[in-house]
Structure formats: structure tokens, C-alpha cells
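Student: Could you take one part of this model and walk me through its surroundings slowly? I would like a close look at the packing there.

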Amino acid sequence: MNMAESTRTRIQLLDALRGLSILLMVAYHCGYDLVLNGFLPEDVLYNPFLNTLQPIFAGIFITLAGISSRFSRSNLKRGLITLGAAALVSLAGYVMGMPIWFGILHLLSACMLLYWLLDKLRVMTVAVPLAAFAVLFAGVTVFPALQDSNDFFPLVPWGFLFFAGALLGDPIKAGKLPRWFYEAKIPFFSNVGRHTLIIYLAHQPVLFGVMWVLLRLFPRGA
């Protein structure tokens, strides 16, 4: 397989990195729920190691989404689907008293739609996206309620990682990276990485169900 052929198929290493990132996020949220419900001490979750690791893997996930924008057949469709998923997350969070007004899905949908618009206008330069992010971020910060959130990923600075990924996607798509990058295979993580949106939407309801069962079996404070 030559490099030109490899970029016409899925690059399994990118899927694997995406899969690893989503699984670590699920593990983190599981730990959060266990701490919140008193099954684990706080220092298991809140410590320098995890405080450093959590934003790193969130950043990798966002950067990968930016890289994928170079391979997507329709960033408009991709952005609208992600926006719909973000709306579901906000609705569920509001009902449960844990508001998420501008979480990672909101961020990604905004970036995907902005990328699509800028690409259509043929102004995909570095300066224009940075200026657009400044305007969008100003709009977000006008509404304090958006920051009163359990999962806040503002366009600045997180949006920069998406567009950095989009720029990095050019040499990747052109086949300019080493051959091993395109030929590496990590089947389990790659398979997980192909279903990250479904996993993101499903994992918290599953975790809440598990916590509900645990609390009935092992009541806290009993």
C-alpha cells in the first residue's frame, strides 16, 4: 500500500488514539461518579497526576476531531449531528440538575460548523479562524449561565486545538508522515474509536444505572 492509497482509507492509528481517549474519559467519569457517591476517597480522582492527564487527553481528542475534518465527506452534516447530540446532553444535564451548556460536544459542533463555513468561503487561513474564535468566545462569555456548567470547554483555548488538528490533517492526508503511521494496527482501540459519539452519549446513562444499583446494594451512611 502506498501513501496515496492509505489516505483514501481509514487511518487506524487515528481511530486508536480516539478510542483510547474516549475510554480514558469514560474511566474518569466512572471515577467521578464513584467519588461523588462516596465509594472512593476524593484523592483517588483529584490528584496532580490525573489533574495533568485529563486535559491532555481531552486536547488529543479535540485535535483528532480537527484532523478528521480534513477527511470528512461533509463537515456540515458532521457538525449538525454533533450539535444535536450536544443538545441532548444539555437537556439530560438540565433535567438531572447537572447543567452542561457548552461541553466538549458543543465545542466540537461549533468548530466543525465554523470549519465548514470557512472552508466554503475559501478562507481557511490561520488568522481568520483565530479572529472568528475571539468573536465567538466573546459571545459565549456574555452569558454567565454557560460557564455555570459541569463540563465547560470554551472555544478559547480549546478551539485552537481543533484548528491545529485541521492544519495537521493536510500533511497526514497527503501521505507525508512515515509509513508506520498509516500501517499501524491496534484493532480493539481502533474499533472503539469508530463509535466515539455513541459511547459518549451512552456511557453516562450506563454509569448512572450502575451507581443506582450500587447505592441500593451498599447504601452510603447506612
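Tutor: Happily; let's begin at I104, which touches F61, I62, D151, F153 and Y200, leaving aside residues up to four places away in sequence. Contact here means heavy atoms within 4.5 Å. This is a predicted model, in which local features need pLDDT of at least 70 and side-chain atom pairs count only at pLDDT 80 or more, while totals for chains, interfaces and linings use all residues. Residues are numbered from 1 along each chain as its sequence is written, and side-chain values use heavy atoms, with hydrogens and water left out. The predictor's confidence in each residue, pLDDT, runs from 0 to 100, and the protein chain averages 83.

I104 also belongs to the largest nonpolar core, which has 29 residues; I62, I104, L107, L108 and F162 touch the most other members. Such a core is a set of buried Ala, Val, Leu, Ile, Met, Phe, Trp, Tyr and Cys residues joined through side-chain atoms within 4.5 Å. Buried means under 20% relative accessible area, exposed over 50%, and partly exposed in between (1.4 Å probe, protein chains only). At least two residues of this core come from each of α2, α4, α5, α6 and α9, and α6 gives the largest share, 9 residues. Helices are DSSP runs (H or I, at least four residues), numbered from the N terminus. A second, separate core of 8 residues includes L13, L64, I172 and Y182.

Two of the contacts of I104, F61 and I62, are among the buried residues of α4. The cover over the buried residues of α4 includes α2 (12-36), α5 (75-95), α6 (104-120), α9 (155-173) and α12 (196-217).

Now for the aromatic side of the picture. The whole structure holds 7 aromatic pairs. Rings of Phe, Tyr and Trp (its six-membered ring) pair if their centres lie within 6.5 Å; planes under 30 degrees apart count as stacked, over 60 as edge-to-face and the rest as tilted. Y115 and F163 have ring centres 6.2 Å apart and planes at 45°, so this pair is tilted. Because Y115 sits in helix α6 and F163 in helix α9, the pair ties together parts that are 48 residues apart in sequence. Y115 is buried at a relative accessible area of 3%, and F163 is buried at 6% relative accessibility. F162 joins Y115 and F163 in one aromatic cluster.
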